[in-house]
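Colleague: I am new to this structure. Please take me through the bonds and charge pairs between side chains.

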Amino acid sequence: AQGDTVREYLIHVPDAYQEDDPAPLILNMHGACGDAESYRGVVGEKKGLHLLADQHGFLVAYPQAVIKKDECVVWQPGDTGEEDIALDDVYFIQRLLDDIQSRYNIDEERIFALGYSNGGMMAFSLGCNSGGIFAAVGGMATTMIPERCNEDHTPSVIAFHGTRDSVLPYEGVAPRYSVSYDLAVTTAPGQGREMHMPHPMDWVP
């Protein structure tokens, strides 16, 4: 909460969580027009992420977007510099992490962000703007919105994208780049948004 503004997230805590043992944390963000509760039900319960979390001892948080666009709630990638959780989603995620860390013993070396579609854009933006916080970021069926990243902190990146995606085509559609070009620029030194591509399993807790 900030002033009169209240923002929400859901969290899954593994059965084996112990307060004296720092645990990894994954932030997992829903897509445009979605919501944290439905996304948690599909990804966490139906697709088995919570079972994996229980087996490996990591927490999963599902933030809720609030910014309205065309009657939908969306994530707004990019740091506006406004310290307002209603207007700047990068700032909101930073405050959300503060709240989670005040309640749970989180391993600061193993905090990850990922998301689906628009949520993946937000995850990539967090890696771009807050790379010092995240060990790695990942996206499913998404792309990175062009922005200049903080090159002092460059998390690992992983991306999953189908070549038959018609909403965010693999080959790109203006103003978004193709996935292959986007990853090439994202992982290339000196391009202003440098992050490095790991082996796909390197960042899994």
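Modeller: Here is a walk through the disulfide, then the salt bridges. This is a predicted model, where local features need pLDDT of at least 70, side-chain atom pairs count only at pLDDT 80 or more, and totals for chains, interfaces and linings use all residues. Residues are numbered from 1 along each chain as its sequence is written, and side-chain values use heavy atoms, with hydrogens and water left out.

Start with the sulfurs. A disulfide is a pair of cysteine sulfur atoms within 2.5 Å. The count is 1 disulfide. Cys-33 is joined to Cys-72, S to S 1.8 Å. Cys-33 sits in the loop between strand E2 (23–29) and helix H1 (36–46), and Cys-72 in strand E5 (residues 72–74), so the bond ties together parts 39 residues apart in sequence. Helices (H or I, at least four residues) and strands (E, at least two) are DSSP runs, numbered from the N terminus. The S-S torsion of Cys-33 and Cys-72 is about 90°, so this disulfide is right-handed. Cys-72 is buried, at 18% relative accessible area. Buried means under 20%, exposed over 50%, partly exposed in between (1.4 Å probe, protein chains only).

Now the charges. A salt bridge puts a side-chain nitrogen of Lys or Arg within 4 Å of a carboxyl oxygen of Asp or Glu. The structure holds 4 salt bridges. One of them pairs Asp-89 with Arg-7, closest N and O atoms 2.8 Å apart. Asp-89 is in helix H3 (residues 89–103) and Arg-7 in the segment before strand E1 (9–12), 82 residues apart. Asp-89 is buried at 0%. Arg-7 is buried at 9%.
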